[in-house]
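Q: Could you take me through one part of this protein up close? I'd like to look at how the helices sit against each other.

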Amino acid sequence: MKIENIIERICPICKEKEIISFRKEQKHTNGYWNEYITFKCGLTLHFSPNYMTVIREGQCENDSKVKERERKKQILLKKIVDIINESDLDKKIKEDLISNIKWNISRFIQPPFPE
Ligand SMILES: [Zn+2]
């Protein structure tokens, strides 16, 4: 498979060179394919035929901004969990709330476009 529209072969954030996957799928009506390169650090470069540009998806685990955001999220999560646990709600409701909040906090990832 030939990736034609992504020139980069190193992670633009941490300079990781190891690529763990190349993918090409879902040909657009304009004739271009969606192309993906994923680096060992977790970042994916995606050539989007919708935008005719390369966008970033996922997170580079070596990105200091990501690490700092994760640290802040964990601090916030702990505060929320403490508040829920201190409430007089039933144990099952507390567990469900905490589980739901943990899932929601974990799914926020770096936006694909530059901040
Ligand atoms: Zn990286």
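A: Sure, and here's one idea to have ready: axes are lines fitted to C-alpha atoms, for helices over the stretch in contact, and angles run from 0 to 180 degrees between N-to-C directions. Keep in mind, too, that this is a predicted model.

Let's find the helices first. Going along the sequence, the protein chain reads β-β-β-β-α-α, so to speak, with two helices and four strands in total. Helix α1 covers residues 64–86 and helix α2 covers residues 91–107. Domain 2 is assigned as 64–107, while domain 1 is 1–61.

Now for the packing. The axes of α1 and α2 are 10 Å apart, and the angle between them is about 165°. Angles over 145 degrees count as roughly antiparallel, which means α1 is roughly antiparallel to α2. As for handedness, α1 and α2 cross in a right-handed way.

Who does the touching? On the α1 side you'll find K73, L77, I80, V81, I84 and N85, and on the α2 side K94, L97, I98, I101, K102 and I105.

Zoom back out to see where this pair belongs. The C-alpha centres of domain 1 and domain 2 are 32 Å apart. The protein chain's C-alpha atoms fill a box of roughly 60 × 30 × 25 Å along the principal axes. Its radius of gyration is 19 Å, whereas a compact globule of 115 residues would be near 13 Å. Finally, 10% of the 115 residues in the protein chain are buried.

Technical notes: Residues numbered from 1 in each chain as written. Predicted model: local features only at pLDDT ≥ 70, side-chain atom pairs only at ≥ 80, totals over all residues. Rg over C-alpha atoms; globule rule 2.2 N^0.38 Å. Buried ≥ 20, exposed ≤ 12 C-beta atoms within 10 Å, placed from the backbone. Domains from an automatic or database assignment. Parallel < 35°, antiparallel > 145°, perpendicular 65-115°, else oblique. Left-handed = near helix turned anticlockwise from the far one by under 90°. Contact = placed C-beta atoms within 7 Å.
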